[in-house]
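Thank you all for coming. I would like to take a few minutes to walk through a structure that may be new to most of you, so please have the view open as we go.

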Amino acid sequence: MGMSFLNFFSSDVGIDLGTANTLIYVKGKGIVVNEPSIIALEDNSDKIIAVGNEARQMLGRTHQQITTIRPLKDGVIADFEATEIMIRELIRKANINRMMIGKIVVCVPSGVTEVEKRAVRDSAERAGAREVNLVAEAMAAAIGVGLEIDAPVGNMIVDIGGGTSEIAVISLYGIVNHTSIRVGGDEMNLAIIQHFKKKFNLLIGEKTAEDIKCNIGSAYPLEEEQKVEVKGRDLVDGIPKTIEIDSSEIRAALNDSIASIVDAIKLSLERTPPELASDILDRGIILSGGGALLKNLDIRLREDTSMAIHVADDPLTCVARGCGKILDNPERYEKVLLHHRRSI
Ligand code: ADP
Ligand code: MG
């Protein structure tokens, strides 16, 4: 069977390899997988128990013989082997025949090292890719949002993910400057856990903290503050209990994380050449990533930076949709790929 024949039937695949969620885009089909970046392994045998959604259900609920792993933590690949397993298993969930995979475009955080890039590339090859291209996450997000990255105009994108917040200034297919901080949704969850410990002597799990954040968390006063019941374990008598909590309380807990993001945006603006900074002043800053969904984050950032702030449509899928556009128009986006092609 000739290569051209295979290419005709093969599926090109885009992967948003996020610290919190991994999305898989298949050319011609759209986003077919959108699951948490988590795997569960049996301790002694390393047998894969679950990947993605099923593994997330197990977070904090496993017994001693099962470990849940988040292969990407703090925006870096913490566990290469687990990353490879996750990529392979999620591609399997996408229902693409291994033999039929053509090109794979993988988005990686701009700060990844050469070793990490190599590992991602190798993992994608072993999953069946005949060609692997890497692209910076912020660039893919900008393309997904539909920013004019091909114009000599400055755009700022702030992508708030699980492990990191990435701030990038983009112009003419390139990243002019890039700031990454290890503060994102995970840090916010930890801040909520800490707050409950300190103020109420209540121990809550990560999943509970995340639910609270997504339901009533905010970065700026809400028009109507909300209340929610929180279940945890009392640290004094060890007994499970429920307390009622107000959204303003959660906002206070999140304040330091938000302040770090504000500082990083200011730092990034300071590093931006004046012409590009003036473009950003005209166009505003775009927020993407799951953290962009935090209530009133845009208002808070507007107030603290004096810049216009726009939350992207469907911020959790910007990167994957950007991958899709790259696959759909390979010639147009050739310049955004991080490395030269390496075909097998
Ligand atoms: P990554 O690219 O690192 O995988 P994502 O862009 O998928 O991250 O965003 C995941 C993060 O967004 C998680 O930390 C999650 O808690 C957070 N998130 C999702 N929805 C909301 C929400 N409504 N409010 C606040 N944070 C949210
Ligand atoms: Mg992301």
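Let me begin with two helices, α6, which covers 185–200, and α7, which covers 206–216, since each of them supplies at least two residues of the shell around ligand 1. Please keep in mind that this is a predicted model. Of the contributions to that shell, the one from α7 is the most, with three residues.

Turning to the shell as a whole, 18 residues surround ligand 1, and the closest are Thr19, Ala20, Asn21, Gly162 and Lys213. If we sort the shell by class, we find five nonpolar, nine polar and four charged residues. As for where the ligand is placed, ligand 1 sits in the largest pocket.

Now to the polar contacts, where Lys213 comes up again: a polar side-chain atom of Lys213 lies 2.6 Å from an oxygen atom of ligand 1. The backbone takes part as well, with a polar backbone atom of Gly290 at 2.9 Å from an oxygen atom of the ligand, and a polar backbone atom of Gly291 at 3.4 Å from an oxygen atom of ligand 1. Taken alone, ligand 1 exposes 580 Å², and of that the protein buries 90%.

Finally, let me return to α6 and its aromatic rings. The count comes to one aromatic pair. The ring centres of Phe196 and Phe200 are 5.7 Å apart and the ring planes stand at 45 degrees, so this pair is tilted. Because Phe196 and Phe200 are four residues apart in helix α6, about one helical turn separates them.

Note on methods: Residues numbered from 1 in each chain as written. Chains lettered and ligands numbered in written order. Predicted model: local features only at pLDDT ≥ 70, side-chain atom pairs only at ≥ 80, totals over all residues. Heavy atoms only, no water. Near = heavy atom within 4 Å. Polar contact = N/O pair within 3.5 Å; in protein donor to acceptor, adjacent residues only side chain to side chain. Areas by Shrake-Rupley, 256 points an atom, 1.4 Å probe, with all protein chains shown as cover. 1 Å grid on protein atoms, 1.4 Å probe; cavity = no way out; pocket = protein on both sides within 12 Å on 5 of 7 lines; lining within 4 Å. Sits in = over half its atoms within 2 Å of the grid points. Nonpolar A, V, L, I, M, F, W, Y, C, P; charged D, E, K, R; others polar. Phe/Tyr/Trp six-rings, centres within 6.5 Å; stacked < 30°, edge-to-face > 60°.
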